[in-house]
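Trainee: Could we go through this model together, a few residues at a time? I would like to start inside and work outwards.

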Amino acid sequence: MSAAVALHEVGTSDALAVRTARVAAIAGQHADAVDTEGRFPREAADAMRAERLLSIQIPAALGGEGASITEIAELCSILGQACAASAMVFAMHHIKLSSLVEHGADSDWHREFMRRIAREQLLLASATTEGGIGGNLRNSICAIKVEGDTCFLEKDATVISYGAHADAILITSRSHAEAASSDQVLTVFLKDQYSIERTVEWNTLGMRGTCSDGFLFKGEAPAVQILPKPFAEIAAQSMLASSHLLWSGVWYGIAADAVARAQAFVRAAARKSPGAPPPGALRLAETSSMLQMVKSNVVAGLKVYEEAKQDADRLSSMAFAVAMNNVKIASSEMILPIINHAMLICGIMGYKNGTPYSLGRHLRDAHSAQLMISNDRILGNTSTMLLVHKQDTSLLG
């Protein structure tokens, strides 16, 4: 991959990038079929397992490679340039894995589970949405029930991305029947510990390969599989930040590939008319500037997170939450005009399907960005925090 579309030119293991490029090549071969058929990108998922990418975040002592969030975001961008659905599956898996890595290290069961993920390359899914609350992941209606050493849970999960294809699901609920809706826990259920009945079919404009159907979830498992930390702490200190950053890596990858196609189109036009400025050249320069702004936004957010990880108070602060929210808002809103500019450059060849410059899939996939945790919801949360928190205006962070 060229430096022009890399999220990070330095800091990412060359070996990781090479392994991910091999997965991306496979994902790219099937991207259009995955989109057209609305099917899970099984070839890409199998390649991720073969390259052992599903465990790279796990500490080396537990069988992983200790990859940083910055490295994983770069891999998301590499995959995003080939197949957005495959990249999003990879990102969402690592978002859930971050909850285990950052908050399960003091639990014998969860440490052994991480070893198993590394050995078997298990794919993790998430169930945080629920009928009656929508995408408000910080509230639950369902409650986990603990009887002796066993826990039981039923949840009307309106979205479980690739839930039918996961090896385990990490699911939120109230901590007990009398708990407030915001008093939540996160529990790991293995595939043989739950049943899922499809209630909503994922037939969408874009991101079709994530297969984010709705399910009625019923699970029974040992109670030790409940993570020991409250979900409020998990969400604030790892899940929300990793979601915004890794998703942004995927979105950057989609936009980067759109710009690369537009650049190839302009170059082809220039070869046909040597000496004359090709149509779209100025718009391409403008689009390149917009793409760099997205990259700078994501890189800055990654830097803030890596620095804050050493300080639990900072991770839970309003300043950190505002910074992460702003990364998500900016990256999700900026990619749409970038891809639209690329389509204007490519013209009818970008509008048509099946050409080297086709951008319809990119544009449709990118429309999900503002909806994955609704930007309106995020802006509402940010506006509340800004009533009591002064915006950080220092260029030094």
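Mentor: What follows is a walk through selected residues and contacts of this structure, which is a predicted model.

Trainee: Okay, core first: which residues touch the most other members of the largest nonpolar core?

Mentor: That core has 123 residues, and those touching the most other members are Phe90, Leu100, Phe113, Phe189, Trp247, Val250 and Trp251. Helix α6, covering residues 231–272, gives the most to this core, with 19 residues.

Trainee: And what is Phe113 in contact with, leaving aside its neighbours within four places in sequence?

Mentor: With those neighbours set aside, Phe113 is in contact with Leu100, Leu122, Leu124, Ala168, Val188 and Leu190, and Leu100 also appears in the list of residues that touch the most other core members.

Trainee: What about Phe217, where is that?

Mentor: Phe217 is in strand β7, and it counts as buried because its relative accessibility is 0%. Not counting residues up to four places away in sequence, Phe217 touches Leu153, Glu154, Lys155, Ile169, Ile171, Phe189, Tyr194, Ser195 and Ile196.

Trainee: How far apart are Phe217 and Lys155, in sequence and in space?

Mentor: They are 62 residues apart in sequence, while their C-alpha atoms are 5.1 Å apart in space.

Trainee: Then Ile226, buried or exposed?

Mentor: Ile226 counts as buried, at 17% relative accessibility, and it lies in the loop between β7 and α6. Once its neighbours within four places in sequence are left aside, Ile226 is in contact with His110, Ile144, Val146, Cys151, Val185, Leu186 and Thr187. Ala85 is another matter, since 29 Å separates its C-alpha atom from that of Ile226, the two residues being 141 residues apart along the chain.

Trainee: Switching to a polar residue, what does the side chain of Ser331 reach?

Mentor: The side chain of Ser331 reaches the backbone oxygen of Lys328, at 3.3 Å. Ser331 is found in helix α9, residues 318–346, and with a relative accessibility of 0% it counts as buried. Residues up to four places away in sequence not being counted, Ser331 touches Ser248, Trp251, Val294, Asn297 and Val298, and Trp251 is one of the residues that touch the most other members of the largest nonpolar core.

Trainee: Now charges: how many salt bridges does a search of the whole structure find?

Mentor: The search finds 20 salt bridges. One of the pairs is Glu65 with Arg19, whose side chains meet at 2.8 Å, N to O. Glu65 lies in the loop between α2 (42–50) and α3 (69–80) and Arg19 in helix α1 (residues 14–37), so this pair ties together parts that are 46 residues apart in sequence.

Trainee: Are those two buried or exposed?

Mentor: Glu65 counts as partly exposed at 39% relative accessibility, whereas Arg19 counts as buried at 14%.

Trainee: Which residue does Lys145 form a salt bridge with?

Mentor: Lys145 forms one with Glu147, the closest N and O atoms being 3.7 Å apart. Lys145 counts as partly exposed at 45% relative accessibility, and Glu147 counts as partly exposed at 45%. Elsewhere, salt bridges that share partners join Glu37, Arg39, Arg42 and Glu43 into one network. Within that network the side chains of Arg39 and Glu43 meet at 3.1 Å, N to O, and Arg39 counts as buried at 13% relative accessibility.

Trainee: Backbone next. What is the phi of Gln121?

Mentor: Gln121 has a positive phi of about 55°, although it is not a glycine. Most residues other than glycine have a negative phi. Gln121 is found in the loop between α5 (108–120) and β1 (124–127), and it is buried, with a relative accessible area of 3%.

Cys211 also has a positive phi, near 50°. Its place is in the loop between β6 (194–200) and β7 (214–222), and Cys211 is buried, with a relative accessible area of 10%.

Trainee: Last one, the surface: which residues form a nonpolar patch there?

Mentor: Met318, Leu387 and Val388 form one, with about 340 Å² of accessible area together. Leu387 is found in the segment after α12 (375–386), and it is exposed, with a relative accessible area of 73%.

Notes. Residues numbered from 1 in each chain as written. Predicted model: local features only at pLDDT ≥ 70, side-chain atom pairs only at ≥ 80, totals over all residues. Heavy atoms only, no water. Helix = DSSP H or I, 4+ residues; strand = E, 2+ residues; numbered from the N terminus. Buried < 20%, exposed > 50% of the residue type's maximum accessible area, 1.4 Å probe, protein only. Polar contact = N/O pair within 3.5 Å; in protein donor to acceptor, adjacent residues only side chain to side chain. Contact = heavy atoms within 4.5 Å. Patch = residues over 30% accessible without salt bridge, like charges linked within 9 Å, V, L, I, M, F, W, Y side chains within 5 Å. Areas by Shrake-Rupley, 256 points an atom, 1.4 Å probe, with all protein chains shown as cover. Salt bridge = Lys/Arg side-chain N within 4 Å of Asp/Glu carboxyl O. Core = buried A, V, L, I, M, F, W, Y, C linked by side-chain atoms within 4.5 Å.
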